[in-house]
Structures are given as C-alpha cells and as structure tokens.
Amino acid sequence: MTSTLTLALRARNANRIKPRYQICLIHPFDPRGQKVGGLETYIRDFITFHPVDTDILFIGVDSTGELELGQLHRLTFRGRGFDFLPILHYSDQQAREAARSIRSSLTGQFFMALLRHFRPIAKLIRARRCSIDLRRVEFSWLPAILRRPFVQMLHGEGAPKLQMDSLLRKYSFVHNTGERFAVAMSEKFLCVNPFITERLQQTYPRRKDKIDTLWTWVNTDIFKPQVWPLNASPFQIVFAGRLDEFKDPPLMFRTIDRLRQRLNGDVRFHYIGTSDPHRFEEFAAIEDITVRHGFKDAAGMAETLASAHAGILTSEFEGMPRCVLETLAVGRPVVAMHLPQLESVIRPGFSGYLVPRSDNRDEMIDELVQRFVDIRDAIEMGAMNPVQVADTIMAFTPGTQLARVFRYHHEIQDARGLAAAAPTY
C-alpha cells in the first residue's frame, strides 16, 4: 500500500511550479522581414523551436516602421509567442543596399541604438534574469557590462584573401577585438565548423574548454523529400544565398554555361536570393536561361528547391552551408567544390559529388559539368532516390543541433540559480 507520506509528497511535487528559463536574443534583424541567410534562419528557428519552459526576449530591428521603438511588443511568429523590443527602424530595402561606412551600416546603427536604449534594455534583462544568446561578437560588450552570462557564436569568417559583401573586411580589427573579448567573457563560444573551432582553440589555449562546434541545421518540418520534377527536361539547377565573392559566382556561372553547351541548351538555372548577378560579367552568358526568384520564405524556398533536379555550390569557404542542407533535405543532390565539412553529407554518387580543387579553373569547370551529367543520367535510370538523398542530413536538424544551445542556456541558468517561476504564455 502507498503510504500517506508518499501520497503527500506526490501531491506536493505535482503542485510545484516548474522553473522557467529566460533567454535574450540580440541581433540587428526583424524575424518578420524578408532578409535571408544563416544568421536569420538561426534566429527564426530559435523562436520556432524554443522549449515550452523557456521564454524568449528578442532585441532587434523593426523593418516595417510600424512599431514604437523602446517599447515591448508581444508578437507571434510561426505560431510561437515571444517578446520583441525593437530599438531601430531599418527597412529590408535598406538592408539590401551596401553601406559605405560603419556609421551608416546596419551593424553600426544598431550599435548606436543599443547605447541609446541601454537603460531600458538593462532594466528588462536584469529583471528577467536572462542569459543572452549572441550571433555577433561586436555586441559582446553588452552582457559583460550587465554582468549577464552569454553564449556566443561565430557563424563564419572569410578566408584571408577573399572578400565578403561587408564593411568588416575594411575594419577587421573591430571583429578581431570583439572576438578576443567574447572568447574571454562568454560562458560558451560556438563555431559553425571544426576548422574555426580548431583555430580559436589554438589562438586562445587557456579558453579551449569553452570553445566548441555547433553545426547548422535544416528545418525538416518544412524541407522534406519530394518526388522528382515531372519533366526531366530541361535539367534544372538551383542555388540559394548571397552572391558574395568568396562563393565564386564566376565559377558557378561559367559551369552553367558550359553545361548548357554540353546538353545542347537543355538547362535552366534558378537563383533564390536578392543579390544582383549582373555585377559579374560571366552572368551575361546564362542570363537567358536563368530564373531569378528573389526573396523566398522557408516554405517558398523548399518548393523552389524541389522544382529543381540538383543544387550547386562553388564557394571557396563556408561554415556548413545551409543552402546545401536544405537542398539535400528536399531530396536533391548537390554538386559542390570540395569543402571538408561537406564530406559528411555529400556522398559520391549517392547525394551528389564533391569536386577537387585545382589551379586550373577550366579543369574544375569540366569536372563540375561531368558530375551534373552523371546526376542527370542517374535520375533518368532511377539510380538516385530523393528519400535516400534526404537521409544524409538527419544529423543536422533542430532536434540534434539547436537543442544543444537551449541545453547550454538551461545549464547556465540552473548553475547560477537564475531560473524562476514565471507565467506561461
């Protein structure tokens, strides 16, 4: 028989209010806007998949110009509620235009907005006893001043000889200073691939234990394997993302052009993104066979990726490219220039091909072209299966990767006694 004491303990435990965790995200971004990329997807998914025992406070940008700055707004995104404190009005159109100075850049203006709204921000974060999640090392000074624990992530870095569409290439000392400070002050410092992790561990050996790798992921609730397009002709190739110089758009465009010659014109190229390809002279040769889709939300991107037969990536450097994971997730193989981290998801002849790098660009183009021909032939013969292609990314889902970030925040708050009873929204 169950004792009276046991029943009493069970009743008391059943009535105990479980602690809630408070996480503050800080980033110059509006999750409701049209900006796309790895950073943006991270924040949107952070809101979408946050645990039921966790509340999210997001300090960011209002891209609509409709919200009062410095005031807390309760918003819903993808069916999940979160608290939004906008501190800057900055439209999507402004975000697409290249800034000419740090002062006029989104990062620079957001930095100044953090200073202007410092008091209400500090009051809110302290009252909620938040741990903070940061995407940019340039903002690591804020949690340090507030004496709040934070998890920092370094999403990517260009190889030294390459340029990105960012002012940071001119002011690298800003990033480097922020990096050193964030490594020293953060509770956990996460990198998007093991090569960045290794560099940081070697650079900061005393902080080695807090530096780790967090792979990116793909939302498999949206990006699911789809049957091949109904029409085998023309052969459809897709790329999604910004056309930064380190992604080598000239190599990509020349490959598509040579593939068209090889297939007697039976090729279409789809570009999902808001960059202007015309700034690369090589684009002129394939403009007539290119479909420019512009901005796509996650559902629209999944649909467009599924309408293609294969994806392409020619980058000289990447973290773990989200566009590759999303393309594979819908069951489309990818042909990419070799990046070590892609070996875990692009299996030769199974989910695409990795092409070795060479000093001879013509040889690389010829091999890229041949691999697309191999994929076309494999699809026609039924030797490539969308479900099997999608299976290669099963380790890169929110449930395996993003869940680690929430666990780190929960452990930090538990260790410091920060978690407290709070209302459930």
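At the start of helix α12 in this predicted model, a side-chain oxygen of Asn360 comes to within 3.0 Å of the backbone nitrogen of Asp362. The helix itself covers residues 361-380, and its 20 residues reach 29 Å from the first C-alpha to the last, a span close to the 28 Å expected at 1.5 Å a residue. Beyond the other end of α12 comes Gly382, a residue with a positive phi near 75 degrees.

The buried residues of α12 are Met364, Ile365, Leu368, Val369, Phe372, Val373, Ile375, Ala378 and Ile379. The elements that cover these buried positions include four strands, namely β9 (235-240), β12 (310-313), β13 (334-337) and β14 (352-355), together with the helix α9 (249-262). In the chain as a whole, which contains 14 helices and 14 strands, 52% of the 425 residues count as buried. Of the contacts in the chain with a separation of 6 or more, 69% are accounted for by residues 24 or more positions apart.

A packing of two helices is found between α2 (residues 38-48) and α14 (residues 402-416), whose axes lie 11 Å apart and make an angle of about 65 degrees. Because angles of 65 to 115 degrees count as roughly perpendicular, α2 and α14 are assigned to that class. The crossing in which α2 passes α14 is right-handed, and the contact is made by Tyr42, Asp45 and Phe46 on the side of α2 and by Leu402, Val405 and Phe406 on the side of α14.

A further buried position is provided by Leu142, which is located in helix α6 (residues 141-146). With a relative accessibility of 1%, Leu142 counts as buried, since the term applies to values under 20%. When residues up to four places away in sequence are not counted, Leu142 touches Ile26, Leu114, Phe118 and Ile121. The C-alpha atoms of Leu142 and Ala122 are 8.8 Å apart in space, while the two residues are separated by 20 residues in sequence.

The backbone geometry of several loop residues was also examined. Most residues other than glycine have a negative phi, and most peptide bonds are trans. Against this background, the peptide bond from Ser233 to Pro234 is cis, with omega near 0 degrees, and Pro234 belongs to the loop between β8 (211-213) and β9, the latter being a strand that is among the elements covering the buried residues of α12.

Positive phi values in residues other than glycine are found at Arg78, where the angle is about 50 degrees, and at Asn264, where phi is near 55 degrees. Arg78 is placed in the loop between β3 (73-77) and β4 (80-89), whereas Asn264 is placed in the loop between α9 and β10 (267-272). As regards accessibility, Arg78 has a relative value of 36% and therefore counts as partly exposed, while Asn264, at 72%, counts as exposed, because the latter term applies to values over 50%. The loop that holds Asn264 thus adjoins α9, a helix that is likewise listed among the elements covering the buried residues of α12.

How values were computed
Residues are numbered from 1 along each chain as its sequence is written. This is a predicted model: local features need pLDDT of at least 70, side-chain atom pairs count only at pLDDT 80 or more; totals for chains, interfaces and linings use all residues. Side-chain values use heavy atoms; hydrogens and water are left out. The expected span of a helix is 1.5 Å times one less than its number of residues. Buried means under 20% relative accessible area, exposed over 50%, partly exposed in between (1.4 Å probe, protein chains only). Contact means heavy atoms within 4.5 Å. A polar contact is a pair of N or O atoms within 3.5 Å; within protein, one must be able to donate a hydrogen and the other to accept it, and residues adjacent in sequence count only if both atoms are side-chain atoms. Axes are lines fitted to C-alpha atoms, for helices over the stretch in contact, and angles run from 0 to 180 degrees between N-to-C directions. Angles under 35 degrees count as roughly parallel, over 145 as roughly antiparallel, 65 to 115 as roughly perpendicular and the rest as oblique. A crossing is left-handed if the near helix is turned anticlockwise from the far one by less than a right angle, and right-handed if clockwise.
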